[in-house]
Amino acid sequence: MEKNPLEALEAIKKESAIAIASIKDRLSLNEVRNRFLSKKSELSAIMGMMKDIPNEMKASFGKSVNELRKYIETKVKEKEDEFALKELNEKLEKEKIDITLPGRSYERGKINPYYAIVDEISEIFLSLGFEVVEGDDITDDKFNFELLNIPEDHPARDMQDTFYISQNILLRTQTSGAQAHKMIDNSSKNELKPIKMICPGKCYRRDDDDATHSHQFGQIEGLVVDKGISLADLKGTLELFVKRLFGEKREIRLRSSYFPFTEPSVEVDVSCSHCGGKGCSMCKGTGYIEILGAGEVNPKVLEMCGYDPKIYSGFAFGVGIDRLAILKYGIDDIRRIYTNDVRFLKDFEGK
Ligand code: DAH
């Protein structure tokens, strides 16, 4: 070490400036700290030289030493902060989560053709002034059969074997019970208002399921009751309905039939959309495809439900929803309608 403390201080100043400028990592930083700021440093040792300093210079020498120490401390601290910040940034960079990854998208559901056609049919009848009512899937013998003129021993029951919950409670085999409900609702309140309603809903029958048969299927019941309602009203209404649903070119045909709750009864066919009525494999050569049963409400039914058949008359019809959906959308297997396969539903986009 220099003998002269002032020169020694000057030398430390220069060396420390060079050392500080060359700090490039934590290692060189610690070296600088040890070399210039530790107890064993030259800067500490220099204080021991105070005795060689003339008295009048002691104060300013001490001040200069302190200032240099402060300066080195500040520079070391600055470098330390710089490294700490750099390290933090590197760590953050490493641990960064890439939130720009594409999210998981959810597919939009599609409306089932069953409900699409129920909506469409409901719109048609609403525009004709009908109301849409709801019935119950679980009903009793009285509403499913008796009030529809199908007493306990009636042979028509054989065709409608269903799922019984008890002797008397069952899953409805037809929506026709809605007719009785509506008429009794009114007559029990002594409000024999005219009726124009449809009731869409599920029906159940014991069946062996295949491409054209199902133990569950949809029906839409229709009922009009007023004074002077004739078969001509039925024909006009159904003609309009069929043309709205299948197109203006479709024709209907009425064939006489039998249902216990209508008299006379008819079966209604629509001209085949495939051949236009000429006859093809789709309509089995007949030119027509059966779509529904209908008729004039049997006076016995009107009477049982509180409407005097001498004053009132009406027409009723029951149409299979799945059948209409199959015809309109060209579905090849009735089971597709309820097996919930989204690929099937996609086929109906925009139809
Ligand atoms: N409910 C009958 C069936 O399931 C369909 C039907 C026929 C309903 C004639 C009616 C009707 O309202 O008048 O076979």
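Helices here are DSSP runs of H or I with at least four residues, numbered from the N terminus. The model is predicted.

**Figure 1. Q179 in helix α7 of the predicted model.** Helix α7 covers residues 177-188, and Q179 lies in this helix. Q179 counts as buried because its relative accessibility is 0%, and buried means under 20%. The Q179 side chain makes a polar contact with the side chain of E221, at 2.7 Å. Beyond its neighbours within four places in sequence, Q179 is in contact with L148, M197, E221, L223, F261 and A316. E221 is thus named both for the polar contact and in the contact list.

**Figure 2. The residues around the ligand.** The ligand is surrounded by 15 residues. The closest are Q174, S176, R205, Q219 and E221. By class, the shell holds five nonpolar, eight polar and two charged residues. 

**Figure 3. Polar atoms of the protein beside ligand oxygen.** In the side chain of R205, an N or O atom is 2.7 Å from an oxygen atom of the ligand. The backbone takes part too: a polar backbone atom of A316 is 3.2 Å from a ligand oxygen. For F317, a backbone N or O atom lies 3.4 Å from an oxygen atom of the ligand. On its own, the ligand has 350 Å² of accessible area, and the protein covers 91% of this. Three elements give two or more residues each to the shell: β5 (216-226), β8 (288-297) and β9 (313-320).

**Figure 4. Q219 in strand β5.** Q219 is one of the residues closest to the ligand. At 12% relative accessibility, Q219 counts as buried. A polar atom of the Q219 side chain lies 2.8 Å from the backbone nitrogen of T175. Neighbours within four places in sequence aside, the contacts of Q219 are Q174, T175, S176, C199, P200, G201, C203, R205, V319 and I321. Among them, Q174, S176 and R205 also belong to the closest residues around the ligand. V76 lies elsewhere: its C-alpha is 88 Å from that of Q219, with the two positions 143 residues apart in sequence numbering.

**Figure 5. The largest nonpolar core.** This core has 43 residues. Those with the most contacts inside it are L238, F241, L292, F317 and L324. At least two residues of the core come from each of α5 (113-127), β5, α8 (231-246), β7 (262-271), β8, β9, α10 (321-329) and α11 (342-346). Helix α5 gives the most, with seven residues. In soluble globular proteins, nonpolar side chains tend to be buried together.

**Figure 6. F317, from core to ligand.** F317 is among the residues with the most contacts inside the largest nonpolar core. Its backbone also puts an N or O atom 3.4 Å from a ligand oxygen. Leaving aside neighbours within four places in sequence, F317 is in contact with F125, I198, I220, E221, G222, L234, L238, L292, G293 and A294. A second, separate core has 24 residues, including L147, A156, V297 and L302.

**Figure 7. P151 in a loop.** The loop runs between α6 (141-144) and β3 (169-171), and P151 has its place there. At 37% relative accessibility, P151 counts as partly exposed. P151 and T286 are 135 residues apart in sequence. Their C-alpha atoms are 35 Å apart in space.

Definitions and conventions:
Residues numbered from 1 in each chain as written. Predicted model: local features only at pLDDT ≥ 70, side-chain atom pairs only at ≥ 80, totals over all residues. Heavy atoms only, no water. Near = heavy atom within 4 Å. Polar contact = N/O pair within 3.5 Å; in protein donor to acceptor, adjacent residues only side chain to side chain. Areas by Shrake-Rupley, 256 points an atom, 1.4 Å probe, with all protein chains shown as cover. Nonpolar A, V, L, I, M, F, W, Y, C, P; charged D, E, K, R; others polar. Core = buried A, V, L, I, M, F, W, Y, C linked by side-chain atoms within 4.5 Å. Buried < 20%, exposed > 50% of the residue type's maximum accessible area, 1.4 Å probe, protein only. Contact = heavy atoms within 4.5 Å.
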